[in-house]
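Let's take a walk through this protein, one stop at a time. Keep the sequence and the 3D view open as you read.

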Amino acid sequence: MIPLYHDFADETVLVFGGGAVGSRKASRFADEARVVVVSPAFDGRLVELAEADAESVELVRAAPTADAVRGWVDRVGPALVVAATDAAAVNAAAEAAALEAGALVNRTDVSAADRSGGRGARSVVVPATVKDDPVRVALSTGGASPALAKALRERIEAEIDGAGAMAELSGTLRAELKDRGVDPAKRREAIRRVVRSEGVWKGLQKGDSYGQEEAYSVIEEVLTR
């Protein structure tokens, strides 16, 4: 499977299942998409999420059967269907309905066939994500080891601390150098030096102005060579 970032702005995500897994999936998409969750019962965290953001999260109390899920898919018109119930037949029906409707699908009851690459077309995995906006890192173990995914996420969180500020700074500096008419090769070298400079990273930990001051020193050193 090829990792991609997908824009769900103004799209709908339909989740079948309101337990812990369905709650976690709904939470992942609620910041950007409209989320509709169909389930006979809902996890407490999901109820809190819906109460806090009723415009983005809609809870529908119903017990969808394998025969009924297609009707839900047709009515909601989702870009993505999440099959997160504890009934394999319902999940399979949700997957089939999503594919027939041309939607993406995420089944949470991962089988051995899934782990070995047996997922169907338009099937997606929702990876563990680490972010320090605008920097985001997504990782997946292909469903083989959720525990490893969690451990790796914790390690990466420590590694990218401050990366968001560095991304903002280096993006601004890149634009400034371009406006100054700096040669592209020199510009690339200067930005590479900035993002690899321990002094700039340490400066950003103190505050943006300190990081910027260190970065300008690095850039001038490159440009005056």
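Our opening stop is the second largest pocket, which is lined by 24 residues. Look for Arg-24, Lys-25, Val-126, Ala-128 and Pro-146, since these are the lining residues that lie nearest its centre. Four elements each give two or more residues to that lining: helix α1 (20-30), strands β5 (104-107) and β6 (128-132), and helix α6 (146-159). Bear in mind as you look around that this is a predicted model.

How much space lies in the second largest pocket? About 660 Å³. As a general idea, rolling a probe the size of a water molecule over the atoms shows where empty space is left. The lining of this pocket is a mix by class: nine residues are nonpolar, eight are polar and seven are charged.

Two of the elements from the pocket lining lead us onward. Helix α6 is also home to Ala-158. Is Ala-158 buried or exposed? Its relative accessible area is 60%, and over 50% counts as exposed, so Ala-158 is exposed. If you jump 33 residues along the chain from Ala-158, you land on Ile-191, and the C-alpha atoms of these two are separated by 23 Å.

Now for aromatic rings. How many aromatic pairs does a search of the whole structure find? Just one. The partners are Phe-8 and Phe-29, arranged edge-to-face, with 5.3 Å from centre to centre and 75° between the planes. Phe-8 sits in the segment before β1 (12-16) while Phe-29 belongs to helix α1, so the pair ties together parts that are 21 residues apart in sequence. Phe-8 counts as buried, at 8% relative accessibility, and Phe-29 counts as buried too, at 12%.

Stay in the segment before β1 for a moment, because Asp-10 is found there as well. Asp-10 counts as exposed, with 80% relative accessibility. Check its backbone, too: phi of Asp-10 is near 65°, a positive value in a residue other than glycine. For context, most residues other than glycine have a negative phi, and most peptide bonds are trans. That second point is worth keeping in mind for the peptide bond from Asp-133 to Pro-134, which is cis, with omega near 5°. You'll find Pro-134 in the loop between β6 and β7 (135-139).

Next, move into strand β1 and pick out Val-15. What is the relative accessible area of Val-15? It is 0%, so Val-15 is buried. Leaving aside neighbours within four places in sequence, Val-15 is in contact with Gly-22, Val-35, Val-36, Val-37, Val-38 and Val-82. You can also trace from Val-15 to Ala-94: these two are 79 residues apart in sequence, yet their C-alpha atoms are 9.5 Å apart in space.

Helix α4 (residues 88-101) comes next, with Glu-95 in it. Glu-95 has a relative accessible area of 19%, and the buried class covers values under 20%, so Glu-95 is buried. Not counting residues up to four places away in sequence, Glu-95 touches Val-105 and Arg-107.

One last stop: find the ring of Trp-72. Arg-75 lies over the face of Trp-72, at 4.5 Å from the ring centre.

Technical notes. Residues numbered from 1 in each chain as written. Predicted model: local features only at pLDDT ≥ 70, side-chain atom pairs only at ≥ 80, totals over all residues. Heavy atoms only, no water. 1 Å grid on protein atoms, 1.4 Å probe; cavity = no way out; pocket = protein on both sides within 12 Å on 5 of 7 lines; lining within 4 Å. Points joined across faces, edges and corners; volume = space filled by probe spheres on them. Nonpolar A, V, L, I, M, F, W, Y, C, P; charged D, E, K, R; others polar. Buried < 20%, exposed > 50% of the residue type's maximum accessible area, 1.4 Å probe, protein only. Phe/Tyr/Trp six-rings, centres within 6.5 Å; stacked < 30°, edge-to-face > 60°. Lys NZ or Arg CZ within 6 Å of the ring centre and 35° of its normal. Contact = heavy atoms within 4.5 Å.
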